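Colleague: Before we talk through this model, could you take me slowly through the reasoning behind the words we use for it?

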Amino acid sequence: MSFLRILTLLVALIVSTVALAQEFVPADSLNVDSLIPAELRKQPTPGIFSQIFKRQNKFTTYLDGLISGNEDHTFDKKLDINFIVMPSYTREGSFGIGGGATGLFRLDKTDSIMAPSDVTLIGNVTLKKVCSLSAYGNIMYPGRKLRQSYKMEFTYSPLDFWGISFYDCNENPTIEWTRQQFKLNTDLVYNLKGPIFLGLALDVNYSYVKSIDDISYLRGQDTHQFFTGLGFTFQYDTRDFIPNPTRGRNLTLRTLIRPQFLSGFDRTLINSTLTFNCYQRLWKGGLLAFDLYESYNSQETPWSLREALGSGGVRMRGYYAGRFVDNCMVSSQLELRQHIYSRFGCAAWFGVGAVFSDYGNLGKENFLPNFGVGLRVELKHNLNGRIDYGMGKTTGGFVFSIGEAF
């Protein structure tokens, strides 16, 4: 599968997801202003830069958006979106240039209680030729019964490599490999009653090792791998806003079956994940957030589906993605988030995590520490951009992302 085909597939999936969402929108909910509660209607007014330059064009509108981007415009815009381009840095890719867009929207503008939907697009290119393109978000359908979360990601990654098990990663010298990956996962859940949701899960993974210094590090596994996973999601969720919760609890159980006939592998595989989060306000502007994560994979699971500490910039932040890899993973982290002034805040966390082949081989030597600090900037209403610096066992690194880690 070529880069162009993967990119075309990624764009097609984004378009089809938006198109599907539109099918659930009442025909008059986006076009009839009279349906919007009067107290929620906002008349757009020129921003500060438009007033300074005494003109309103694309440039001044963009500058105004950066200044007032944290205001809620989801009731007077179809898509309330901001764009940003800035230098970037990652442990894996070194310095680079990144750009993104983050936006909020409502499929039912008559519902002032339901949280808005969100979408984020991020692209990045680095000096070490690491390229990535991702899209993720949550869609809240009218009626508050149906909602969908999704993440699509393509990466081209020349990386350091140590192996595909915790033992190998501790014993093997560093080599280099270049990997291409396309990942899609989405959950469509239905609200059964109160905070209880049940739904379907889909997971697609295509991975290809373009080059590797020592093929024996893969332990005889194929360099091309494709998997499709189908399963179920159970969720107990009382969070107020998924990308940046300020209160509530979340317990998610997700089970996937990757059948042999839907994958390029000689057997059926199983994956099960458990996620538990809780959020507690401590004082004015202070929030304590907790995250517990567990992922179990079948013993025969190949390299492309294994867990890696530090991947995704969500758990074990600061670890080089791929430095420690194995079948399964457990991690826990506690984070203090503090609002400082206006749109700025900070965070500090500590945690622990481990990767391992199975629970029979999980020992204290598998557990590694993690802690760090970060800066928060509110890009959109209740949607933060974050810069984190995480540290661990003989490691440290920056993470740039949109939306809280959990």
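Modeller: Let me begin with a term: rings of Phe, Tyr and Trp (its six-membered ring) count as a pair if their centres lie within 6.5 Å, and planes under 30 degrees apart are called stacked, those over 60 edge-to-face and the rest tilted. This is a predicted model, in which local features need pLDDT of at least 70 and side-chain atom pairs count only at pLDDT 80 or more, while totals for chains, interfaces and linings use all residues. Residues are numbered from 1 along each chain as its sequence is written, and side-chain values use heavy atoms, with hydrogens and water left out.

Colleague: Why is the pair of Phe161 and Tyr217 called tilted?

Modeller: A search of the whole structure finds 12 aromatic pairs. In the pair of Phe161 and Tyr217 the ring centres are 6.1 Å apart, which is within 6.5 Å, and the planes stand at 45 degrees, neither under 30 nor over 60, so the pair is tilted. Phe161 lies in strand S5 and Tyr217 in the loop between strand S7 (196-212) and S8, so this pair ties together parts that are 56 residues apart in sequence; strands here are DSSP runs of E with at least two residues, numbered from the N terminus.

Colleague: What makes the pair of Trp177 and Trp303 edge-to-face?

Modeller: The planes of Trp177 and Trp303 are 65 degrees apart, which is over 60, and the distance is 5.5 Å centre to centre, so the pair is edge-to-face. Phe161, Trp177, Tyr217 and Trp303 form one aromatic cluster.

Colleague: How do you know that Phe161 is buried?

Modeller: Buried means under 20% relative accessible area, exposed over 50% and partly exposed in between (1.4 Å probe, protein chains only). Phe161 has 4%, so Phe161 is buried, and Tyr217, with 8%, is buried too.

Colleague: Why is Lys129 called exposed, and why is Arg144 called partly exposed?

Modeller: Lys129 has 60% relative accessibility, which is over 50%, so Lys129 counts as exposed. Arg144 has 42%, between the two limits, so Arg144 counts as partly exposed. Lys129 has a positive phi of about 65 degrees although it is not a glycine, and for Arg144, which is not a glycine either, phi is positive at about 65 degrees.

Colleague: What makes Arg147 sit over the ring of Phe197?

Modeller: A charge sits over a ring if NZ of Lys or CZ of Arg is within 6 Å of the ring centre and within 35 degrees of the ring normal. The charged end of Arg147 sits over the ring of Phe197, 4.0 Å from its centre.

Note on methods: Helix = DSSP H or I, 4+ residues; strand = E, 2+ residues; numbered from the N terminus.
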